[in-house]
Amino acid sequence: MSMSTSILSVLSEDLLVRIYCFLDPPCRKTWRLISKECLRVDSLSRTTIRLLRVEFLPALLLKYQNLSSLDLSVCPKLDDDVVLRLALDGTVSTSGIKSLNLSRSTAVRARGLETLARMCHALERVDVSHCWGFGDREAAALSSAKGLRELRMDKCLSLSDVGLARIVVGCSNLNKISLKWCMEISDLGIDLLCKICKGLKSLDVSYLKITNDSIRSIALLPKLEVLDMVSCPLIDDVGLQMLENGSPSLQEIDVTRCERVSLSSLISIVRGHPDIQVLKASHCVSEVSASFLQYIKGLKHLKVIWIDGARVSDSSLVTLSSSCRSLMEIGLSRCVDVTDVGMMALARNCLNLKTVNLACCGFVTDVAISALAQTCRNLEILKLESCHLISEKGLQSLGCYSKLLQELDLTDCCGVNDRGLEYISKCSNLQRLKLGLCTNISDKGIFHIGSKCSKLLELDLYRCAGFGDDGLAALSRGCKSLNRLILSYCSELTDTGVEQIRQLEHLSHLELRGLKNITGVGLAAIACGCKKLGYLDLKLCENIDDSGFWALAYFSRNLRQINLCNCSVSDKALCMLMSNLSRVQDVDLVHLNRVTVEGFEFALRACCNRLKKLKLLAPLRFLLSSELLETLHARGCRIRWD
């Protein structure tokens with residue numbers, strides 16, 4: 001008997017479960033392989049699962065009896081027939097499922113939704129976002145889930161007031177609902193929602209063409225805490241002013257890009273809700289006035305404020321920061337009047353700041369960055385896109401003091417150089433780094449990032465033409481946790497460097513657009529090593545031959561989205577790709593000069609039962625068979641004709 005087995009055999013099941021709860025997902029995967037006891041504990045303890053292949057669903061439901069959350073959003077073959085077969089399987093139990101994610105499951109319609117609602121008796125949360133075929137019939141089917149508490153229907157373009165009415169009547173205990181981009185919803189539907197679902201705590205009506213009448217209805221919700229209404233073009237000051245004496249529990253509001261909203265209505269909201277914690281008003285007010293600041297002074301609990309795009313003077317920032325000392329997040333992007341003076345006051349007064357957005361603040365210099373770094377020691381996210389006066393001096397302060405920094409955006413900061421990257425690399429907790437359009441960095445700077453930022457998850461090097469294969473090799477050796485890498489238009493890269501990407505086993509998102517020096521050899525290496533790749537952009541990679549695409553078809557079985565525009569793929573290679581990539585759902589196939597109409601026809605027939613989005617040249621609309629196009633439409637695929 002091995003040492004590990006003997007130790008585990010004397011531990012009680014309760015103790016093993018407690019140990020399991022402290023493990024992160026990768027460790028839990030290893031845990032399952034240790035012993036039968038660990039495997040059994042995993043089966044008993046697992047409550048959530050995200051499925052890639054729907055054919056495994058019955059077996060997994062049978063194995064994991066205590067599941068409460070089921071994510072089917074990335075199952076390309078999920079449709080009504082699959083759901084009905086599952087319902088007929090007497091061995092499968094779904095009675096404990098409380099959360100169901102069906103986002104982008106465009107082939108699941110009314111029949112399937114009704115069956116799921118009937119099977120999952122305890123259902124409380126459902127996400128059907130981006131199901132463009134979700135309409136009134138589907139809403140009526142879902143309304144049979146009487147215990148529903150949270151519902152997300154973002155971009156369900158076919159949903160109207162009739163469908164919403166069926167849901168609110170059937171699910172009157174809703175406390176959270178998102179209707180973002182549901183363009184057929186009007187004041188009538190919102191009014192009925194507010195009259196029946198009195199317990200609503202969170203409501204998102206962003207991008208809807210609702211009027212002030214809807215705000216009048218929303219103001220009557222006694223428990224509403226969160227209201228998101230981004231870019232509602234018909235809402236004006238008269239409507240928002242109704243919230244001053246309404247929605248007494250309101251804590252968060254987002255009126256970003258509501259073009260008819262001015263400071264007067266924001267003052268009304270602030271005046272009526274002194275305990276508000278989150279105020280987002282980006283790109284809807286032209287200037288932060290003294291009168292507005294007078295009321296802001298009373299918001300002692302304010303934690304988040306976005307005033308991006310407004311004229312904010314240094315004196316305004318001094319007043320704001322001295323009054324709202326609990327601020328943890330501030331958005332000041334495109335606030336062109338912001339200077340070091342105001343930022344130093346902000347840093348001095350708001351010691352708990354965690355997120356600061358200064359994108360396109362052209363007068364901010366190293367002085368402000370140094371003040372933030374030295375004073376706000378809890379800083380986690382800093383966005384400095386297009387801040388051209390930032391240099392290695394400011395980055396030196398970040399490296400010395402911002403030890404908790406997790407995300408740094410330096411896109412288009414021309415002052416960033418190799419020495420600056422050396423300083424940044426001292427931020428050992430860095431997880432997301434954006435260096436796009438930073439033309440003064442070379443392999444030397446990238447080497448510092450690769451050697452010290454081992455926790456990096458996302459790296460953007462868009463159009464960084466100064467580094468090459470050696471830098472990419474250093475990143476691949478040192479940043480093993482990378483799951484998102486953008487290398488588009490890094491013109492110095494060749495197969496020699498790209499081949500090193502195969503070391504990044506966790507990579508799921510890769511952009512190689514415009515890399516004209518890579519061939520099938522480089523792509524084959526990536527395909528062999530990066531088995532978790534889900535998104536791949538190869539647009540304008542003109543020198544990749546069929547050998548690379550064959551390797552992609554054979555090894556990259558997890559690919560869900562791929563861009564092949566302007567590639568040199570042939571009929572046979574395209575057919576093999578579309579046939580073998582069994583999880584692909586989103587494909588761009590524009591300007592494929594070596595592919596014939598017959599090649600497109602055969603390739604699309606091979607994957608028509610799983611595609612959800614497809615981009616083709618407009619002339620193909622009249623050349624492809626009507627039967628194929630009808631099948632794609634029936635399966636819920638949206639075609640964009642370019």
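Where is the place of S247? Select S247 to start the tour: S247 sits in the loop between α12 (237-240) and β9 (252-254). The model on screen is a predicted one. S247 is a residue other than glycine, yet its phi is positive, near 40 degrees. With a relative accessible area of 0%, S247 is buried.

**A second positive phi**

Next, select K155. This residue is found in the loop between β5 and α9 (161-170). K155 is not a glycine either, and its phi is positive, about 60 degrees. Is K155 buried or partly exposed? Its relative accessibility is 33%, and the range for partly exposed lies between 20% and 50%, so K155 counts as partly exposed.

**The second largest pocket**

Stay with β5 and display the second largest pocket, which has a volume of about 340 Å³. To find its centre, select D127, E150, L151, R152 and K176, which are the closest to that point among the 22 residues of the lining. Then colour the strands β2 (69-71), β3 (99-101), β4 (125-127), β5 (150-152), β6 (176-178), β7 (202-204) and β8 (226-228); each of these elements gives two or more residues to the lining. By residue type, the lining divides into seven nonpolar, five polar and 10 charged residues.

**Helix α6**

Now go to α6, residues 80-88. Begin at its N-terminal end, which is capped by D79. A side-chain oxygen of D79 lies 3.2 Å from the backbone nitrogen of D81.

Which residues of α6 are buried? Select D80, V82, V83 and L86. Looking down the axis of α6, you will find these buried residues within an arc of 165 degrees, so they line one face of the helix. In general, an α-helix has 3.6 residues a turn, so residues three or four places apart point the same way. Turn to the other side of α6, and there R85 and L88 are exposed.

Show the neighbours of the buried residues as well: they pack against α5 (57-63) and α7 (110-119).

**Helix α7**

Move on to α7. How many of its 10 residues are buried? The count is seven, and the helix is mostly covered. To see them, select A110, G112, L113, T115, L116, A117 and M119. The cover over these buried residues includes α6, β3 and α8 (136-142). Strand β3 has already appeared on this tour as one of the elements lining the second largest pocket.

**C361 and its loop**

Go further along the chain and select C361, in the loop between β13 (355-357) and α17 (366-375). C361 is buried, and its relative accessible area is 0%. What does C361 touch, leaving aside residues up to four places away in sequence? Its contacts are L332, S333, R334, C335, V338 and C387. For a distance to draw in the viewer, take the C-alpha atoms of C361 and E385: they are separated by 8.4 Å, while the two residues are 24 places apart along the chain.

**Helix α20**

The last stop is α20, residues 443-452. Its buried residues are G445, I446, H448, I449 and G450. Show α19 (418-424), β16 (432-434) and α21 (469-478) around them, since these elements are among what covers the buried residues of α20.

Notes. Residues are numbered from 1 along each chain as its sequence is written. This is a predicted model: local features need pLDDT of at least 70, side-chain atom pairs count only at pLDDT 80 or more; totals for chains, interfaces and linings use all residues. Side-chain values use heavy atoms; hydrogens and water are left out. Buried means under 20% relative accessible area, exposed over 50%, partly exposed in between (1.4 Å probe, protein chains only). Helices (H or I, at least four residues) and strands (E, at least two) are DSSP runs, numbered from the N terminus. The arc is that of the directions from the helix axis to the C-beta atoms. Contact means heavy atoms within 4.5 Å. A polar contact is a pair of N or O atoms within 3.5 Å; within protein, one must be able to donate a hydrogen and the other to accept it, and residues adjacent in sequence count only if both atoms are side-chain atoms. On a 1 Å grid over the protein atoms alone, a cavity is a set of points where a 1.4 Å probe fits but cannot get out, and a pocket is an open set with protein on both sides within 12 Å along at least five of seven lines; lining residues have an atom within 4 Å of a point. Grid points are joined across faces, edges and corners, and a volume is the space filled by probe spheres set on the points. Ala, Val, Leu, Ile, Met, Phe, Trp, Tyr, Cys and Pro count as nonpolar, Asp, Glu, Lys and Arg as charged, and the others, Gly among them, as polar.
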